[in-house]
Amino acid sequence: MKDTFTHKGMRKKLVETLVKKGIANKEVLAAINKVPRHLFMDSGFVDHAYVDKAFPIAADQTISQPYTVARQTELLDVTDGDKVLEIGTGSGYQSAVLLEMGIQVYTVERQNELFKKTSLFLPKIGYRPKKMVFGDGYKGLPEFAPFDGIVVTAGAPFVPKPLLAQLKVGGKLVIPVGDDVQIMTVFERTSAKKFEKTEHGEFRFVPLLEDKN
Ligand code: SAH
């Protein structure tokens with residue numbers, strides 16, 4: 001579990017790539033520069049950790065592409081102390097990026113094997129979400145709502161209503177919507193009853209599945 005100068009150097013290059021691809025939020029870039037992404041992958045694949053690509057992890061799931069994580073985090077538009085709900089814990093990388101930014105992280109994973117693995121792994125390398133939950137992200141976490149931001153890290157065939165309901169006024173839901181290809185969509189809650197929707201390009205995610213296993 002080492003983070004060497006070589007890793008740090010590779011991370012710096014990755015951050016430069018993300019800047020070239022249009023990521024501008026300084027806090028997001030600083031967080032990506034700090035999180036040792038290679039520790040989130042099986043040790044044989046360390047060389048792939050700092051390439052801007054998604055990568056397979058356990059249980060047929062993926063660790064999202066660094067650009068995607070950066071873009072979703074930027075769109076969330078949150079800062080130190082804010083409370084964020086993540087749907088799809090996966091490897092825990094997105095959680096770690098948010099934690100580096102001083103965010104209070106609540107994260108839900110439906111896949112039991114991954115849930116168990118990541119809930120042991122994250123604290124081991126010093127990342128402590130407020131809550132890691134084994135459950136169905138379509139329902140959100142009503143008992144901990146409302147949130148300053150909600151980020152869905154799997155492709156949603158539709159926008160789950162409970163997630164919109166669990167946003168604070170002024171908060172944003174960042175969700176890739178679609179079946180084969182997803183449109184990165186942001187819903188900003190502008191009042192108790194109003195949401196403003198914006199779209200931010202095409203992405204490809206593993207599907208947001210219903211129920212847990
Ligand atoms: N945020 C992750 C990306 C993981 S890929 C990371 O940084 O590595 C998407 C994850 O969403 C997978 O782990 C998948 O099991 C999970 N997922 C799919 N449907 C879900 C649901 N309904 N509720 C919670 N998690 C879900």
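In this predicted model, an oxygen atom of the ligand lies 3.1 Å from a polar backbone atom of Q94. Two further polar approaches involve nitrogen atoms on the ligand side. A polar backbone atom of G88 is 2.9 Å from a ligand nitrogen, and a backbone N or O atom of G137 is found 2.7 Å from a nitrogen of the ligand. The ligand would expose 580 Å² if taken alone, and the protein buries 100% of that area.

Looking outward from these contacts, the shell around the ligand comprises 27 residues, of which G88, S91, E109, G137 and L209 are the closest. G88 and G137 thus appear both among these closest residues and in the backbone contacts described above. By class, the shell holds eleven nonpolar, twelve polar and four charged residues. Several elements of secondary structure take part: β2 (62-63), β3 (83-87), α4 (93-100) and β4 (104-109) each contribute at least two residues to the shell.

Where in the protein does the ligand's space fall? The space taken by the ligand is the largest pocket. This pocket encloses about 470 Å³, and 34 residues line it, with Q61, T62, T153, A154 and V206 the closest to its centre. Two or more lining residues come from each of β2, α3 (66-76), β3, α4 and β4. Among these elements, α3 gives the most to the lining, with three residues. The lining of the largest pocket divides into 14 nonpolar, 15 polar and five charged residues.

It is also worth turning to the second largest pocket, which contains about 250 Å³ of space. Its lining is made up of 15 residues, and those closest to the centre are L39, F40, D42, K117 and F121. Which helix supplies the largest share of this lining? Helix α5 (residues 112-124) does, with six residues. In the second largest pocket, the lining residues comprise ten nonpolar, two polar and three charged.

Set side by side, the two linings can be read as follows. For the largest pocket, the counts are 14 nonpolar and 15 polar residues, along with five charged ones, and helix α3 is the leading contributor. For the second largest pocket, ten nonpolar residues are joined by two polar and three charged ones, and helix α5 provides the largest share.

Definitions and conventions:
Residues are numbered from 1 along each chain as its sequence is written. This is a predicted model: local features need pLDDT of at least 70, side-chain atom pairs count only at pLDDT 80 or more; totals for chains, interfaces and linings use all residues. Side-chain values use heavy atoms; hydrogens and water are left out. A residue is near a molecule or strand if one of its heavy atoms lies within 4 Å of it. A polar contact is a pair of N or O atoms within 3.5 Å; within protein, one must be able to donate a hydrogen and the other to accept it, and residues adjacent in sequence count only if both atoms are side-chain atoms. Accessible areas come from the Shrake-Rupley method with a 1.4 Å probe; for residues, only the protein chains shown count as cover. On a 1 Å grid over the protein atoms alone, a cavity is a set of points where a 1.4 Å probe fits but cannot get out, and a pocket is an open set with protein on both sides within 12 Å along at least five of seven lines; lining residues have an atom within 4 Å of a point. A molecule sits in a cavity or pocket if more than half of its atoms lie within 2 Å of its grid points. Helices (H or I, at least four residues) and strands (E, at least two) are DSSP runs, numbered from the N terminus. Ala, Val, Leu, Ile, Met, Phe, Trp, Tyr, Cys and Pro count as nonpolar, Asp, Glu, Lys and Arg as charged, and the others, Gly among them, as polar. Grid points are joined across faces, edges and corners, and a volume is the space filled by probe spheres set on the points.
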